[in-house]
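User: I would like to go through a structure with you. Could we take it one topic at a time?
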Number of protein chains: 2
Amino acid sequence: MQKKGRLIVVSAPSGCGKGTILGRVLEDKERFYYSISCTTRAPREGEINGVHYRFMSREAFERELAAGAFLEHATYCDNYYGTLNAPIDEHLAAGQDVILEIEVQGGMQIREKRPDATLVFIVPPSLEVLRERLTKRGTETPEVVEKRVAQASRELAFVDQYDYCIVNDDLDAAIADMFSVIRAAELRVDR
Amino acid sequence: MQKKGRLIVVSAPSGCGKGTILGRVLEDKERFYYSISCTTRAPREGEINGVHYRFMSREAFERELAAGAFLEHATYCDNYYGTLNAPIDEHLAAGQDVILEIEVQGGMQIREKRPDATLVFIVPPSLEVLRERLTKRGTETPEVVEKRVAQASRELAFVDQYDYCIVNDDLDAAIADMFSVIRAAELRVDR
């Protein structure tokens, strides 16, 4: 019998290197499946259905929502966003670990509905370092940087609700930590 | 402030490679402290007090026991065996992970008293493989091998009470798994 995969939920404030860390993890396409969100917003240029998002009509989304098909959902700028249960369960049953990237409110919904999920929070060494990193990128105005730091500060309050906290001080160490957490999740005894 | 270390409890049936795996882990003497058991039995030739065991008189053991100083204890062949809380707490406070090797009954006592402990069980790929390995050692009679396999079978029933289960199929993979579990324990969010 194939061993069931693990649901790994990853949250992080913007600028914590989550994308880079998960990019490395997701290189192993046999072991991992990346959960794709659904949205009712229109595709932007270059966005591919089934890769960046599953694009759905508002009617289809609400129908699935009423049927309880979503593990979590939220509305943002008048559009729905959500994660369907079915693809996750299929890939877990096939023995793949499912990586689900989500903000903290979604993470809390999953905590509630999937007590077997492993929740990982990636944090910067400090808000000061985060501010520096965001500033160095040079893509944001100082005002936007400050907004992001304030947002990060609010999100960091949720770390207590997560199973694991990885401090992204050194990128290679943070990647190794992510692999340790995933491997440990795989080795966890089912109760 | 120094980050507190983690208490890692390791159990395994005889012949599962626990000694080899822990030997590798314990090479890092700064990061890890190996918890030494106390016993009232007499030292055997070559055994050093404070290295193999802390050798204690029966009176001293009973006094400490009455004072609640032991995390776990057992009697075997009319002698006491036990683990003191104090050295564990000292090393955890100093930021070291404490590795505690123990049989399943002791593991269950620790589960009860230290819900923050991480319990790891090392198992053979199968009882058949265990029988083969014990036979190949050539140090035991076939009767003793069978007794050990039967004992292993009884102990394996406790795996559900542990947090992690490592199958020692390939030694290097099992060592890597042990390090993943320990690192994950270090990254775990305190609730």
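User: To begin, what is the mean pLDDT of chain A?
Analyst: The mean pLDDT of chain A is 95, and 99% of its residues reach 70 or more; pLDDT is the predictor's confidence in each residue, from 0 to 100. This is a predicted model, in which local features need pLDDT of at least 70, side-chain atom pairs count only at pLDDT 80 or more, and totals for chains, interfaces and linings use all residues. Residues are numbered from 1 along each chain as its sequence is written, while chains are lettered from A and ligands numbered from 1 in the order in which they are written.

User: And which ipTM and pTM does the complex get?
Analyst: The predictor gives an ipTM of 0.91 and a pTM of 0.92.

User: What rotation superposes chain A on chain B?
Analyst: A rotation of 180°, with 0.0 Å of shift along its axis, does so with an RMSD of 0.0 Å. The copies are superposed by least squares on the C-alpha atoms of residues with pLDDT of at least 70 in both. That is the relation of a two-fold axis. In chain A, Ser180(A) has the C-alpha nearest the axis, 2.1 Å from it.

User: How many residues does each chain bring to the contact?
Analyst: Chain A brings 15 residues and chain B brings 16 residues, where two residues are in contact if their C-beta atoms, placed from the backbone, lie within 7 Å. On the side of chain A that touches chain B, β9 (164-167) and α7 each supply at least two residues. α7(A) gives the most, with six residues. Helices (H or I, at least four residues) and strands (E, at least two) are DSSP runs, numbered from the N terminus.

User: What is the chemical make-up of that side of chain A?
Analyst: The residues divide into nine nonpolar, one polar and five charged. Ala, Val, Leu, Ile, Met, Phe, Trp, Tyr, Cys and Pro count as nonpolar, Asp, Glu, Lys and Arg as charged, and the others, Gly among them, as polar.

User: Why do the copies meet through the same surface?
Analyst: They do so because 100% of the interface residues of chain A are also interface residues in chain B.

User: At what angle do the axes of α7 of chain A and α7 of chain B cross?
Analyst: The two helices, residues 171-187 in each chain, have axes that come within 8 Å and cross at roughly 105°. Axes are lines fitted to C-alpha atoms, for helices over the stretch in contact, and angles run from 0 to 180 degrees between N-to-C directions. α7(A) and α7(B) are therefore roughly perpendicular to each other; angles under 35 degrees count as roughly parallel, over 145 as roughly antiparallel, 65 to 115 as roughly perpendicular and the rest as oblique.

User: Which residues make that contact?
Analyst: Among them are Asp177(A), Ser180(A) and Arg183(A) of α7(A), and Asp177(B), Ser180(B) and Arg183(B) of α7(B). The residues of this helix contact divide into six nonpolar, two polar and four charged.

User: Turning to the sheets, in what order do the five strands of chain B lie?
Analyst: They form an open sheet in the order β2-β7-β1-β8-β9, and the pairing is parallel. Two strands pair if DSSP finds at least two bridges between them. β2 (32-34) and β9 (164-167) of chain B stand at the edges with a single partner strand each, so one side of each is left without a neighbour in the sheet.

User: How many bridges join β8 and β9 of chain B?
Analyst: Four bridges join β8 (residues 118-123) to β9(B), and Ile122(B) stands opposite Ile166(B).
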